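Q: I am a first-year student and would like a close look at the salt bridges in this structure. Please set them against the chain as a whole.

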Amino acid sequence: MYATSAVYDWDTFKFEPIRESQVSRAMTRRYFKDLDTYAESDIVIVGAGSSGLTAAYILARARPDLKIAIIEANVAVGGGCFLGGQLFSSMVLRKPADNFIKELGIEYEEEEHFIVVKHAALFITKLCSKVLELPNVKLFNATCVEDLITRPTEDGKVRVAGVVTNWTLVSMHHDDQSCMDPNTINAKIIISCTGHDGPMGAFCVKRLVSQGYINRNQMGCLDMNRAEDAIVKNTREIFPGLIVAGMELSECDSCNRMGPTFGAMVLSGVKAAEEALNIYETRAKQDADSY
């Protein structure tokens, strides 16, 4: 016998009855309630890969009073973290990132200077489940950020004050369909973890570059030792209201590519959360004073 508390009589088995409209209403009622609740968020995290989910995990536990929205362009979370390099399944993390893996309770094999999780999907799914169990976090997947909301500051400059969103499938067809206007989420802080340049990658950095607010620098060639240290050390608020973590930093700092090693992704998320906690009250006051 298999281990389960339920015992089924398959000869008489039958689900409880349901009407199709009940399913539709159950989903839409909750989704639109979430849209209403998180239209005014405290922190928005763009990208639900290893950096973004780690940041959400740290933040939501440290500040259960804050509303944290996660925006993920893909249907599935994980970014580049569902597999290791070249579609191999194991995940390598250099020490001291093993401390975070221990906290999550994930088993791993230990080498001298790094650890190996048997499947990258094990890490990202366990992290995601822990994040989504937290009551102050909402994931909006299959949703992308199309623009940033900005507000003027007292010194005549601007700060980032939210994100402009749309369903990813809509964003992918702006060129062949009539205009489909987006939605918005206001927030005190945005943490962008969208990865290096790609179809949806490095979006927030590229948007600031397009407006002349920051300079863009191309990602350097692969060098694991230089890359991982640089990504973690450089995780910061690169523009008022916008913290950048993970490989998106390579598009403004010329960090080297790191390849299939994930310690920096995790610890960059930890540092991004700490940066957000350090500046939150300042940005919240600015936000309150701007209306």
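A: The answer starts with the whole chain, goes on to the salt bridges, and ends with the surface and the backbone.

The model is predicted. Its protein chain has nine helices and 12 strands. The radius of gyration of this chain is 20 Å, close to the 19 Å that the globule rule gives for 291 residues, so the chain is as compact as a globular protein of that length. Along the principal axes, the C-alpha atoms of the chain fill a box of roughly 75 × 50 × 40 Å. Of the 291 residues, 44% count as buried.

Now to the salt bridges. Side chains of opposite charge can pair when their charged atoms come close. In the whole structure, a search finds 14 salt bridges. Three of them are taken up here, among them the one between E228 and R94, whose N-to-O distance is 3.0 Å. E228 belongs to helix α7 (residues 224-234) and R94 to strand β3 (residues 91-94), so this pair ties together parts that are 134 residues apart in sequence. How much of each partner is covered? E228 has a relative accessible area of 5% and is therefore buried, as the cut-off for buried is under 20%. R94 has a relative accessible area of 26%, so R94 is partly exposed. This bridge thus runs from a buried glutamate to a partly exposed arginine.

A second pair is R283 and E237, whose side chains meet in a salt bridge at 2.8 Å, N to O. This pair also links distant parts of the chain: R283 is in helix α9 (residues 263-289) and E237 is in strand β11 (residues 236-239), 46 residues apart. Here the arginine is the buried partner, since R283 has a relative accessibility of 12%. E237 has a relative accessible area of 23% and so counts as partly exposed.

The third case is R63 with D65. The closest N and O atoms of this salt bridge are 2.8 Å apart. R63 and D65 do not stand alone: together with E281 they are linked in a network of salt bridges.

Some charged side chains are found in another setting. R19, R25, R29, R30 and K33 form a positive surface patch. Patches are made of residues with no salt bridge, so these five positive residues are a contrast to the arginines described above. R29, one of the five, lies in helix α1 (residues 20-38). Its relative accessible area is 53%, so R29 is exposed; the cut-off for exposed is over 50%. Compare R283, which is buried at 12%.

The surface also has a patch of another kind. Y8, W10, F13 and F15 make a nonpolar surface patch of about 530 Å². Y8 is placed in the segment before α1, and F13 too is in the segment before α1. With a relative accessible area of 44%, Y8 is partly exposed. F13 is likewise partly exposed, with a value of 36%. Y8 also gives an idea of distance across the model: its C-alpha atom is separated by 48 Å from that of N186, and these two residues are 178 apart along the chain.

The backbone has a few details to look at last. The peptide bond from K95 to P96 is cis, with omega near 15 degrees. P96 is in the loop between β3 and α3 (98-104), and β3 is the strand that holds R94 of the first salt bridge.

Which residues other than glycine have a positive phi? One of them is A142, with a phi of about 55 degrees. A142 sits in the loop between β6 (137-141) and β7 (143-152), and its relative accessibility of 26% makes it partly exposed. Another is S254, whose phi is near 60 degrees. The place of S254 is the loop between α8 (250-253) and α9, and α9 is the helix that holds R283. S254 counts as partly exposed, at 33% relative accessibility.

To return to the request: E228 and R94 tie together parts that are 134 residues apart, R283 and E237 link parts that are 46 residues apart, and R63 and D65 share a network with E281.

Note on methods. Residues are numbered from 1 along each chain as its sequence is written. This is a predicted model: local features need pLDDT of at least 70, side-chain atom pairs count only at pLDDT 80 or more; totals for chains, interfaces and linings use all residues. Side-chain values use heavy atoms; hydrogens and water are left out. Patches are made of residues with over 30% relative accessible area and no salt bridge: like charges are joined within 9 Å, nonpolar side chains (Val, Leu, Ile, Met, Phe, Trp, Tyr) within 5 Å. Accessible areas come from the Shrake-Rupley method with a 1.4 Å probe; for residues, only the protein chains shown count as cover. A salt bridge is a side-chain nitrogen of Lys or Arg within 4 Å of a carboxyl oxygen of Asp or Glu. Lys and Arg count as positive and Asp and Glu as negative; His and the chain ends are not counted. The place of a charge is taken as NZ of Lys, CZ of Arg, CG of Asp or CD of Glu. Helices (H or I, at least four residues) and strands (E, at least two) are DSSP runs, numbered from the N terminus. Buried means under 20% relative accessible area, exposed over 50%, partly exposed in between (1.4 Å probe, protein chains only). The radius of gyration is taken over C-alpha atoms; the globule rule is 2.2 Å times the number of residues to the power 0.38.
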